[in-house]
Amino acid sequence: MTRSAHLAGIGSFLPSCRVPNAQLAARMDTSDEWIRTRTGIRQRYFAEPGTTTSDLAAEAGARAMKSAGLAEVGAVVLATTTPDRPCPATAPVVAAKLGLAGCPAFDVQAVCTGFVYALATACGLLAMGCVDTVLVIGAETFSTILNPADRATSVIFGDGAGAMVLRSGHTAGNGAVGPFDLGSDGTGRDLITVRAGGAEQRRSGLAPAPGDEYFSMAGREVFRQAVEHMAQSARAVLGHVGWQAGDVDWLACHQANLRILVRLADVLGIPEARVLANIAEVGNTSAASIPLAIDQAYQAGRFKAGDRLLLSAFGGGLTWGSTVLTWPDLTHP
Ligand code: UT7
């Protein structure tokens, strides 16, 4: 019998340091008005000094496990662009912080698409019968890689974490996750990148150029490609599952920019009222953004069992991916 993956629990966590637009405008050449009108963002949260990605991930993971009513899981998959260290992966540290030392744990790096890739990886582990439950986390301390001299990126990104517990099942219906559509185009790697710190720069024998240790993004081109690839990918996954745009109750996309969310909904023919958008309050949290947006909507009581969610993301790599999820009847809110 074909095994499937079901959502069994969800949780999220934001660090306590709230950073309104005005605070950024006080230290760089930008304004609350520019940030709000170009991105939809009003504020974001930055982790306090000493707090790392594994701390945020462990908090969100603990909340998702509590929501699933579980004290243990079979594996931990962490999507992050900002690991605690380049080596080793951060997921084993998260597992240890959760008292899960011994279980398989590894990172997935697909920048803002990371959570969709991590969900697909978890579904694969469940489908192969490797484990019966997987904790899938998206967590970022993006503030650690932002260039304070680059106003174009510093105003967009924030820190946070979101997590889901997936459990193996044998049926479609409420809770079912998948199928997936995933893709990449490495010829676009310079559009979203941290140039220094990897083998390429070390092998060059040259010191990093100023700013190369920070995140950079060619915003306008990324905007165009984000809409194009998310729309194509979302349509592909709708085709796989046999849903029309009108069957989608909630468009749960990567929170890149409010204008991207609105444009994507329009292209797909999904009414704006069905778009999950928390970017105003948390900014773009990269790999954390989809589970964070879904958990906040769940906590606000916006879903009922059987609601159909379409998830889609685009990010560095370039990478993109989409999946669908039918909302479960969660018993441990
Ligand atoms: O999460 C992964 C995927 N990421 C995305 O999908 C993000 C996609 N891109 C975007 O969201 C948008 O392109 C941005 C928000 C990054 C930029 O918005 P934009 O409307 O594309 O602006 P732009 O880059 O075309 O810049 C327009 C103007 C420029 O000035 P000039 O050349 O017209 O005089 C920029 O220098 O806005 C200027 N600018 C700013 N002004 C005030 C850029 N950043 C700022 C700023 N404050 N923070």
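This passage looks at the ligand site of a predicted model and then at some backbone features elsewhere in the chain.

A good place to begin is the space that holds the ligand. That space is the second largest pocket. Two domains take part in the shell: domain 1 (4–169) and domain 2 (176–326) each supply at least three residues. In terms of secondary structure, the elements that contribute two or more residues to the shell are α2 (32–39), α6 (151–154), α8 (219–241) and α9 (258–268). Helix α8 makes the largest contribution, with five residues.

The character of the shell can be described as well. There are 23 residues around the ligand, and they divide into twelve nonpolar, six polar and five charged. Those that come nearest to the ligand are T30, R220, H254, N257 and N284.

Individual polar contacts bring the picture down to the level of atoms. R220 is a helpful residue to find in the viewer, as an N or O atom in its side chain lies 2.6 Å from an oxygen atom of the ligand. At G219, the partner belongs to the backbone: a polar backbone atom of this residue is 3.0 Å from a nitrogen atom of the ligand. W34 takes part through its side chain, where an N or O atom is 3.3 Å from a ligand nitrogen. Taken on its own, the ligand has 950 Å² of accessible area, and the protein covers 76% of this.

Attention now turns to the backbone. Most peptide bonds are trans, and most residues other than glycine have a negative phi. Against that background, a few places in this model invite a closer look.

One of them is the bond between C87 and P88, which is cis, with omega of about 0°. P88 belongs to the loop that runs between β4 (75–79) and α4 (91–97). Another cis peptide bond links G178 to P179, here with omega of about 5°. P179 is part of a strand, namely β8 (residues 176–184).

V111 shows a feature of another kind. Although V111 is not a glycine, its phi is positive, at about 50°. This residue can be found in the loop between β5 (105–108) and α5 (114–127).

For a reader tracing the model, these places can be visited in sequence order: P88 in the loop between β4 and α4, V111 in the loop between β5 and α5, and P179 in strand β8. From there, the path leads on to α8, the helix that gives five residues to the shell around the ligand.

Conventions:
Residues are numbered from 1 along each chain as its sequence is written. This is a predicted model: local features need pLDDT of at least 70, side-chain atom pairs count only at pLDDT 80 or more; totals for chains, interfaces and linings use all residues. Side-chain values use heavy atoms; hydrogens and water are left out. A residue is near a molecule or strand if one of its heavy atoms lies within 4 Å of it. A polar contact is a pair of N or O atoms within 3.5 Å; within protein, one must be able to donate a hydrogen and the other to accept it, and residues adjacent in sequence count only if both atoms are side-chain atoms. Accessible areas come from the Shrake-Rupley method with a 1.4 Å probe; for residues, only the protein chains shown count as cover. On a 1 Å grid over the protein atoms alone, a cavity is a set of points where a 1.4 Å probe fits but cannot get out, and a pocket is an open set with protein on both sides within 12 Å along at least five of seven lines; lining residues have an atom within 4 Å of a point. A molecule sits in a cavity or pocket if more than half of its atoms lie within 2 Å of its grid points. Helices (H or I, at least four residues) and strands (E, at least two) are DSSP runs, numbered from the N terminus. Ala, Val, Leu, Ile, Met, Phe, Trp, Tyr, Cys and Pro count as nonpolar, Asp, Glu, Lys and Arg as charged, and the others, Gly among them, as polar. Domain bounds come from an automatic or database domain assignment.
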